[in-house]
Amino acid sequence: MKIKFLALTFAFALFASCSEKKSSLDNLSPSACNTTDPLQITWLNDLKNALHNCTCEVSIIQAVYKTSVVFYTAVTDSLCNSAFSAKLYNCQGDIIKMYGPEDRADFEKEVTYNKVLYRCKSE
């Protein structure tokens, strides 16, 4: 009985101490891209300013791709029917990956921790 108790205690301690390490926006540098407000990055601010009077809601989204912070735009309006596509940009505004309609499953596996930074809505 004592051995079973010790074995169970050891097993519990072993499982309790294991944790899966994941990349998230929060455990990456708090100042991703050397700023606490990514919309102040020149190219991202220009992108935001180019989005106005959107007939369908379009969002600028910050996410994680392969442990790096990335940005992309997406149609986030449930009333608009559009084909999926996404271009991932790094902090410098360079395109690092493109997804087409057939790549949606890969996108959902590879791009995580999405955080909306800005929404352009029709006025």
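This is a short tutorial dialogue on reading pockets, ring pairs, strands and disulfides in a predicted model.

User: Let's start with empty space. How much space lies in the largest pocket, and which residues lie nearest its centre?

Analyst: Happy to begin there. Rolling a probe the size of a water molecule over the atoms shows where empty space is left. In this predicted model, the largest pocket holds about 330 Å³. Its lining has 18 residues, and Ala74, Val75, Phe84, Ser85 and Arg104 lie nearest the centre. The elements giving two or more residues to that lining are β1 (58-65), β2 (68-75), α3 (104-110) and β5 (111-120).

User: Which element gives the most to the lining, and what is its make-up by class?

Analyst: Strand β2 gives the most, with four residues. By class, the lining has 11 nonpolar, five polar and two charged residues.

User: Next, aromatic rings. How many aromatic pairs does a search of the whole structure find?

Analyst: The search finds five. Ring centres must lie within 6.5 Å to pair, and planes over 60 degrees apart count as edge-to-face. Take Tyr72 and Phe107: the ring centres are 5.2 Å apart and the planes stand at 85 degrees, so this pair is edge-to-face. Tyr72 belongs to strand β2 and Phe107 to helix α3, so the contact ties together parts 35 residues apart in sequence. Tyr72 and Phe107 are both buried.

User: What is the geometry of the rings of Tyr99 and Phe107?

Analyst: Their centres are 5.1 Å apart with planes at 85 degrees, so that pair is edge-to-face. Tyr99 has 4% relative accessibility and therefore counts as buried, while the relative accessible area of Phe107 is 7%. Ring pairs link Tyr72, Phe84, Tyr99 and Phe107 into a cluster.

User: Now the strands. Is β1 mostly covered or open, and which strands do its bridges join it to?

Analyst: Strand β1 is mostly covered, with eight of its eight residues buried. Val58, Ile60, Gln62 and Val64 point one way, and Ser59, Ile61, Ala63 and Tyr65 point the other. Eight bridges join β1 to β2 in an antiparallel arrangement; one of the partnerships is Ile61 with Tyr72, the residue whose ring pairs with that of Phe107. Seven bridges join β1 to β5, again antiparallel, and Tyr65 has Val111 as its bridge partner in β5. Two residues lie between the strands in the hairpin of β1 and β2, where Lys66 takes a positive phi near 50 degrees.

User: Last, disulfides. How many are there, and which parts of the chain do they link?

Analyst: A disulfide is a covalent bond between the sulfur atoms of two cysteines. This structure holds three. Here they are in turn:

- Cys33 and Cys91 have sulfur atoms 1.7 Å apart. The S-S torsion is about -65 degrees, so this disulfide is left-handed. Cys33 sits in the loop between α1 (2-17) and α2 (42-50), and Cys91 in the loop between β3 (86-89) and β4 (95-99), 58 residues apart.
- Cys54 and Cys120 are joined at an S to S distance of 1.9 Å. A torsion of about 105 degrees means the disulfide is right-handed, so its sense is set by that angle. Cys54 lies in the loop between α2 and β1 and Cys120 in strand β5, 66 residues apart in sequence. Both Cys54 and Cys120 are buried.
- Cys56 and Cys80 are joined at 1.8 Å, and -95 degrees about the S-S bond makes the link left-handed. Cys56 lies in the loop between α2 and β1 and Cys80 in the loop between β2 and β3, 24 residues apart in sequence. Cys56 is partly exposed, at 22% relative accessibility.

User: What is the pairing in sequence order?

Analyst: Numbering the bonded cysteines along the protein chain gives 1-5, 2-6, 3-4.

How values were computed
Residues are numbered from 1 along each chain as its sequence is written. This is a predicted model: local features need pLDDT of at least 70, side-chain atom pairs count only at pLDDT 80 or more; totals for chains, interfaces and linings use all residues. Side-chain values use heavy atoms; hydrogens and water are left out. On a 1 Å grid over the protein atoms alone, a cavity is a set of points where a 1.4 Å probe fits but cannot get out, and a pocket is an open set with protein on both sides within 12 Å along at least five of seven lines; lining residues have an atom within 4 Å of a point. Grid points are joined across faces, edges and corners, and a volume is the space filled by probe spheres set on the points. Ala, Val, Leu, Ile, Met, Phe, Trp, Tyr, Cys and Pro count as nonpolar, Asp, Glu, Lys and Arg as charged, and the others, Gly among them, as polar. Rings of Phe, Tyr and Trp (its six-membered ring) pair if their centres lie within 6.5 Å; planes under 30 degrees apart count as stacked, over 60 as edge-to-face and the rest as tilted. Buried means under 20% relative accessible area, exposed over 50%, partly exposed in between (1.4 Å probe, protein chains only). Two strands pair if DSSP finds at least two bridges between them. A disulfide is a pair of cysteine sulfur atoms within 2.5 Å.
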